[in-house]
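Work through the exercises below with the sequence and the 3D view open. Try each task before you read its solution.

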Amino acid sequence: AQKIPLEMVADGNLLEISLWVDGELFSEFGNPPFLAWWQLKPGKHTVWAQGLDAEGSTVTSETVVFEVLQNTD
């Protein structure tokens, strides 16, 4: 039942931001704060954000890779 915050920081030129987790759309934002809570799942995961600027161009963040370990207690 544990969750972690996934937060994006963007300059004011982006109109829309989408958050992707493991290749699937997780959340979309129209304005700050760009924050979503993700339910922890054991395994390796990838997260990135995509934004749409005022000129219609898509901007993609770097991909963050992390691993959630299974609790053995």
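**Exercise 1.** List the residues of the largest nonpolar core and find the strands that supply them.

*Solution.* Start with the term: a nonpolar core is a set of buried Ala, Val, Leu, Ile, Met, Phe, Trp, Tyr and Cys residues joined through side-chain atoms within 4.5 Å. Buried means under 20% relative accessible area, with a 1.4 Å probe and protein chains only. The largest such core has 12 residues: L6, M8, I17, L19, V21, F29, F34, A36, W38, V47, A49 and V68. At least two of them come from each of β1 (3–8), β2 (14–21), β4 (34–39) and β5. Strands are DSSP runs of E, at least two residues, numbered from the N terminus.

The model is predicted; local features need pLDDT of at least 70, side-chain atom pairs count only at pLDDT 80 or more, and totals for chains, interfaces and linings use all residues. Residues are numbered from 1 along each chain as its sequence is written, and side-chain values use heavy atoms, leaving out hydrogens and water.

**Exercise 2.** Which side chains of β4 point to one face and are buried?

*Solution.* Walk along β4. F34, A36 and W38 share one face and are buried. L35, W37 and Q39 point to the other face and are not buried.

**Exercise 3.** Describe the surroundings of H45.

*Solution.* Locate H45 in strand β5 (residues 43–53). H45 is buried, at 6% relative accessible area. Next, list contacts (heavy atoms within 4.5 Å). Beyond four places away in sequence, H45 touches D22, W38, V64, V65, F66 and V68.

Key
Helices (H or I, at least four residues) and strands (E, at least two) are DSSP runs, numbered from the N terminus. Buried means under 20% relative accessible area, exposed over 50%, partly exposed in between (1.4 Å probe, protein chains only).
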